[in-house]
Amino acid sequence: MPQSHTSLIGMDLSELGEAAVAAGGKPFQGKQLAQWLYAKRELNLDAMTNLSKELRAKLAERPMLTSRVIASEESGEGTTKLGIRLHDGLVIEAVLMREDDRITACISTQAGCAMGCRFCASGQLGLKRNLTAGEILEEFFHLNELMKPDWLTNVVVMGMGEPLHNYDNLLKALTILNADWAFNFGARRVTVSTVGLPKRIRELAEQGFQFNLAISLHGVDDASRSALIPTNAGLQNILDAAKYYFQQTRREVTFEYTLVGGKNDDPATAEKLAELVKDFPKANVNLIPMNPVDGSGLETPSTEAVSLFTELLQNAGVNVHVRRRRGRRVQAACGQLRLKLEEAAAG
Ligand code: SF4
């Protein structure tokens, strides 16, 4: 029988129950499967000793993981970036960052991205397709190999793709991540980073989760923002949706601001940014000095410009952080490992 591309990973409790029944087991064995796969992160069916041999043999007809790691790149600063090939040959990235007691996964939600941000390598190639919930969760299993026996303390959905543009699969994956019958990973330790899709931000606010929200601003008015993010949904719409998110969840909202040399790193822009966020409840601003992206025509900001921009925001009472080199390399450079791998494959 040909193998299906459908793994058990990504199934919710009722789907796992159905998979158990289809393999000759009982519905309650869905919960046992969830315990092994998600709570214990055990992919070896032979280890699942409370399942009969017959059931395990039948379940083994499915692939446990549909993707595989094809490249691993160390930054030397506690950061490892994985290139992961999906079953159809597309390549995505997942990143593990270790710092003191924190172990953070940065995961992708799409192969490529439709948002077209000019400073981003993923945006250059357009959207190839959405990841399934299972493919999103498989990233954790690949990263798990790098951190065993430790486990994650934080998750940022900030890799390749616009998470809210793949809303249903994102929500399913994060629900499984958070569920007490599955990974039981605290929602407050998960940050969803979006370029700002107002309708989806409002929908996420109404789901009853406590995820943190990070919004990529990158401009202080629609003209400057649209120059960097062609799919800009309108600054005021986005800020209104962010306020709604805060009102519903009481979670902090972080604004990400990529500093591009000569484009949005001047003192007048810093003052406008301070004005935009100053009345925002519990707002933080993360400044991300741009990473060079070949062919983008955009430049990294000078050290002096970054310092002055930061100082002006601080003087205006804004809670501001400059993302350090490692984060910049990992997050603003999303998509660059994939580009390299695809170029190598093409060449
Ligand atoms: S920065 Fe994010 S939203 Fe923009 S193109 Fe890149 S992956 Fe997509």
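## Exercises on a predicted model

Helix 10 passes helix 11 in a right-handed crossing, and the exercises below, which concern a predicted model, begin with this pair.

**Exercise 1.** Find at what angle helix 10 and helix 11 pack, and which residues meet there.

*Solution.* Start with the axes: those of helix 10 (residues 267-277) and helix 11 are 9 Å apart, and the two helices pack at an angle of about 35°. Next, list the two sides of the contact, where Pro267, Ala270, Glu271, Leu273 and Ala274 of helix 10 meet Leu308, Phe309, Leu312 and Leu313 of helix 11. Finally, sort these residues by character, which gives eight nonpolar, no polar and one charged.

**Exercise 2.** Work out what span helix 11 should have at 1.5 Å a residue, and compare it with the distance between its end C-alpha atoms.

*Solution.* Helix 11 covers residues 303-315, and because the expected span is 1.5 Å times one less than the number of residues, its 13 residues should span 18 Å. The end C-alpha atoms of helix 11 are 18 Å apart, so the two values agree. Beyond the helix comes Gly317, whose phi is positive, near 85°.

**Exercise 3.** Determine which residues of helix 6 are buried and what they pack against.

*Solution.* First place the helix: helix 6 consists of 12 residues, 167-178, and reaches 16 Å from its first C-alpha to its last, close to the 16 Å expected. Then pick out the buried residues, which are Asn169, Leu170, Ala173, Leu174, Ile176, Leu177 and Asn178. As a guide to such a pattern, residues three or four places apart point the same way, because an α-helix has 3.6 residues a turn. Last, follow the buried residues to their partners, namely helix 2 (29-39), strand 6 (127-130), helix 5 (133-147), strand 7 (154-157) and strand 8 (190-194).

**Exercise 4.** Decide whether Arg41 and Asn184, each with a positive phi, are buried, partly exposed or exposed.

*Solution.* Most residues other than glycine have a negative phi, and most peptide bonds are trans. Arg41, in the loop between helix 2 and helix 3 (53-59), has a phi near 50°, and with 13 other C-beta atoms within 10 Å it is partly exposed. Asn184, in the loop between helix 6 and strand 8, has a phi near 55°, and with 11 other C-beta atoms within 10 Å it is exposed. For the peptide bond, turn to Pro149 in the loop between helix 5 and strand 7, where the bond from Lys148 to Pro149 is cis, with omega near 0°.

Conventions:
Residues are numbered from 1 along each chain as its sequence is written. This is a predicted model: local features need pLDDT of at least 70, side-chain atom pairs count only at pLDDT 80 or more; totals for chains, interfaces and linings use all residues. Helices (H or I, at least four residues) and strands (E, at least two) are DSSP runs, numbered from the N terminus. Axes are lines fitted to C-alpha atoms, for helices over the stretch in contact, and angles run from 0 to 180 degrees between N-to-C directions. A crossing is left-handed if the near helix is turned anticlockwise from the far one by less than a right angle, and right-handed if clockwise. Two residues are in contact if their C-beta atoms, placed from the backbone, lie within 7 Å. Ala, Val, Leu, Ile, Met, Phe, Trp, Tyr, Cys and Pro count as nonpolar, Asp, Glu, Lys and Arg as charged, and the others, Gly among them, as polar. A residue is buried if 20 or more other C-beta atoms lie within 10 Å of its own, exposed if 12 or fewer, and partly exposed in between; C-beta atoms are placed from the backbone.
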